[in-house]
Every structure is written in C-alpha cells, then in structure tokens.
Amino acid sequence: MLVLIKGAGDLATGTALRLYRAGMQVVMTDLPQPLAVRRTVAFSQCIYDGTAQVEGVSARHVPDCSGAEEALSRGEIPVLADPEARIRTRMPFDAVVDGILAKRNLGTAITDAPVVLALGPGFTAGTDCHAVVETQRGHHLGRLILEGSAAPNTGIPGDIGGYTTQRVIRACGSGRLRPAVRIGDQVAAGDIVAWVEETPIRAQIPGIVRGMLPEGCPVTPGLKTGDIDPRCTYDHCFTVSDKARAIGGGVLEGLLYFTAGPGRAAAGR
C-alpha cells in the first residue's frame, strides 16, 4: 500500500512509523519551513537538514516524484516541501492521511484517494474523509471514528505531569527566534529558554526541553515555539510519544478496515 501523509510533524511521524513498520510505503509533505517543535521526532526536520532519523527509520527530503520513488526504493520515507500536496495527483496513492493537525480542513476531500483519513477536529467522517482518528488525550485517544467528528478543539494542551498551558513555550513577539537552550536540556521556572529578537522567553515550569523551533525561524506573537516536559525523562525527547503511537494505531486500523476489512464496500473497493 502506498500512503500519502500530509504533514510531517511529530504526530504525523509517529503515524508514518506505524505504517512503515506494518509494511506500507509512506510519502510525506510539509511546509517549506516546517513549524514542528518536537524536531527530534519529526520527519519534517529533513526539509532543513536533508535527512532525518526517528527510532531507526530514515527520511529524506526530495524535490519531486522521481526523488520520492528513489527514496522508497532505498527503504526511506521521502518528504517533500509541498504544502498543497500536489504530489497526490502524480503518484498512485492508495490512501491519503491528513496529518496537518490544523484543527480545520485545509483542502482534503474524500475523493483524494480510494481511502482518505484525517486526524483530529475539523473533519466529518463520510463527508470530508472516510474516517477520522481522535487526537484528544483521554479515553478515546486513537479511536477510529466512522460517523461524525473528533472532539472539538479546546485550545488547552493535554495534561502532562499536572501542567497544560504552562508547559508550552510561546513567542512573545514578532521576529526571528534564537533558542537559548537545546532539546534535552533541563530548565527551572523563570529561566530564559529563547529570544525573539531582543525579547526573552522564560520557562513557566521546571522540566526538560522536549521541543524547540530552529534557530532563525520567523515567529509571530503567541506561536508555539517549544515544549517543556515536567517529567524530566531524557529519552522522551528522542522517541515517539504515547499520543503519536495511539494515533498511528488508529490510522493503521482505518487503512486495514477500508482495504481488507468490513469497510471495503464503504470506500468503494
């Protein structure tokens, strides 16, 4: 099965790993300047660096279909700077997964591929896509939704270690970001973790820096620029999260449901 995943951030990457390890071929797309803060576990990082590796699986930035096919032949996951996912019409994809996590539909249609799945709110199963996968932490995380939509966006990050909004590092103004710490560093509440031009951004809680946008990235006020994990487990900074694994499991279930299971007729297969 050849699957296109729109988006290559940490949750989309966790999904890609699940599909890759299940024997599927995966192609991913993202912005020319990706905004994934968990860069150490996001295949979008290869758009900056050329290549990226997460849990032993390699991704490579490629310019076009030919490059994607070459990467697939080497057992790599190709990633294109293609925000409109134009490659969708140039390769014979069996499925498309919208993993942008924009909390709204930015252009995905149920007719984009034989099977179309979407992550999180902003989509309605049977209208925008064949099924939706729940992304909200809690009892239904990773659930395959065949009718209706995922839980609406609350605007409040999930609780980790007793903290929600406090663990997110946000830009305090417009300009270029200058990180003052690296992913994996431990910080105390009040420490400067980054600068936007000459204005400092301070940590609100103690913990380990689990994510940070790269040096020189342009930011705007309120943009998520980093993430502090109060659990202070170093390994968590460099491995796929429990949330991403659960979502990836839901996507894998959905692809099998519509291609080999009882949903084949619903997808017109």
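Here is a short back-and-forth about a predicted model, going from its sheets and helices to its cores and a few loop residues.

Me: In what order do the strands of the 9-strand open sheet run, and which strands sit at its edges?
Reply: The pairing in this sheet is mixed, and the order reads 3-4-5-2-1-6-7-8-9. A strand at the edge pairs on one side only. That puts strand 3 and strand 9 (144–145) at the edges.

Me: How many bridges join strand 2 to strand 5, and which residue is the bridge partner of Asp-30?
Reply: Strand 2 covers residues 25–30 and strand 5 covers residues 77–81; they run parallel, with 3 bridges between them. Asp-30 has its bridge partner in strand 5, and that partner is Ala-81.

Me: And what about strand 1 and strand 2: how many bridges, and what does Leu-4 stand opposite?
Reply: Strand 1 and strand 2 also pair up, in the parallel sense, over 5 bridges. Strand 2 is mostly covered, with 5 of its 6 residues buried. The residue in strand 2 that stands opposite Leu-4 is Val-27.

Me: What angle does the direction of helix 1 make with that of strand 2?
Reply: Helix 1 (residues 10–21) packs on the sheet. The strands it touches are strand 1 (2–6), strand 2, strand 3, strand 4, strand 5 and strand 7. Set against the direction of strand 2, the helix makes an angle of about 165°.

Me: Is helix 1 roughly parallel or oblique to helix 4, and why?
Reply: The two axes come within 8 Å and cross at roughly 50°. Angles under 35 degrees would count as roughly parallel, and 65 to 115 as roughly perpendicular. The crossing angle fits neither range, so helix 1 is oblique to helix 4.

Me: Which hand does that crossing have, and which residues of helix 4 make the contact?
Reply: Helix 1 passes helix 4 in a right-handed crossing. From helix 1, the contact uses Asp-10, Leu-11, Gly-14, Thr-15, Arg-18, Leu-19 and Arg-21. From helix 4, the residues are Lys-243, Ala-244, Arg-245, Ile-247, Gly-248, Gly-249, Val-251, Leu-252 and Leu-255.

Me: Which helix gives the most to the largest nonpolar core?
Reply: This core has 37 residues, and Ile-5, Leu-19, Met-28, Phe-43 and Leu-255 touch the most other members. The helix that gives the most, with 6 residues, is helix 4 (residues 242–259).

Me: What does Leu-255 touch, leaving out residues up to four places away in sequence?
Reply: Leu-255 is one of the core residues that touch the most other members. Leu-255 also takes part in the contact between helix 1 and helix 4. Its partners are Met-1, Val-3, Leu-19, Met-24, Ala-95, Val-115 and Leu-117.

Me: How many residues are in the second, separate core?
Reply: Among its members are Val-62, Leu-72, Phe-123 and Ile-145. The count for this second core is 23 residues.

Me: What is the order of the 4-strand open sheet, and what is the bridge partner of Ala-194?
Reply: Here the pairing is antiparallel and the order is 14-13-11-16. Strand 14 (199–202) and strand 16 (218–219) are the edge strands. Strand 13 (residues 192–196) pairs with strand 14 over 4 bridges. In strand 14, the partner of Ala-194 is Ile-201.

Me: What is phi of Glu-55, and what is phi of Leu-101?
Reply: Most residues other than glycine have a negative phi. Glu-55, in the loop between strand 3 (51–54) and strand 4 (57–61), has a positive value, as does Leu-101, in the loop between strand 6 (95–98) and strand 7 (115–119). Phi is near 50° for Glu-55 and near 60° for Leu-101.

Me: Is Ser-44 buried or exposed, and why?
Reply: Ser-44 is found in the loop between strand 2 and helix 2 (46–49). Beyond its sequence neighbours up to four places away, Ser-44 touches Ala-8, Gly-9, Asp-30, Pro-34 and Ala-36. Its relative accessibility is 2%, and the cut-off is under 20%, so Ser-44 counts as buried.

Me: How far apart are the C-alpha atoms of Thr-220 and Leu-177?
Reply: Thr-220 lies in the loop between strand 16 and strand 17 (224–229) and is partly exposed at 45% relative accessibility. Leaving aside neighbours within four places in sequence, Thr-220 is in contact with Ala-171, Gly-173 and Ser-174. Thr-220 and Leu-177 are 43 residues apart along the chain, and their C-alpha atoms are separated by 9.7 Å.

Definitions and conventions. Residues are numbered from 1 along each chain as its sequence is written. This is a predicted model: local features need pLDDT of at least 70, side-chain atom pairs count only at pLDDT 80 or more; totals for chains, interfaces and linings use all residues. Side-chain values use heavy atoms; hydrogens and water are left out. A nonpolar core is a set of buried Ala, Val, Leu, Ile, Met, Phe, Trp, Tyr and Cys residues joined through side-chain atoms within 4.5 Å. Buried means under 20% relative accessible area, exposed over 50%, partly exposed in between (1.4 Å probe, protein chains only). Helices (H or I, at least four residues) and strands (E, at least two) are DSSP runs, numbered from the N terminus. Contact means heavy atoms within 4.5 Å. Two strands pair if DSSP finds at least two bridges between them. Axes are lines fitted to C-alpha atoms, for helices over the stretch in contact, and angles run from 0 to 180 degrees between N-to-C directions. Angles under 35 degrees count as roughly parallel, over 145 as roughly antiparallel, 65 to 115 as roughly perpendicular and the rest as oblique. A crossing is left-handed if the near helix is turned anticlockwise from the far one by less than a right angle, and right-handed if clockwise.
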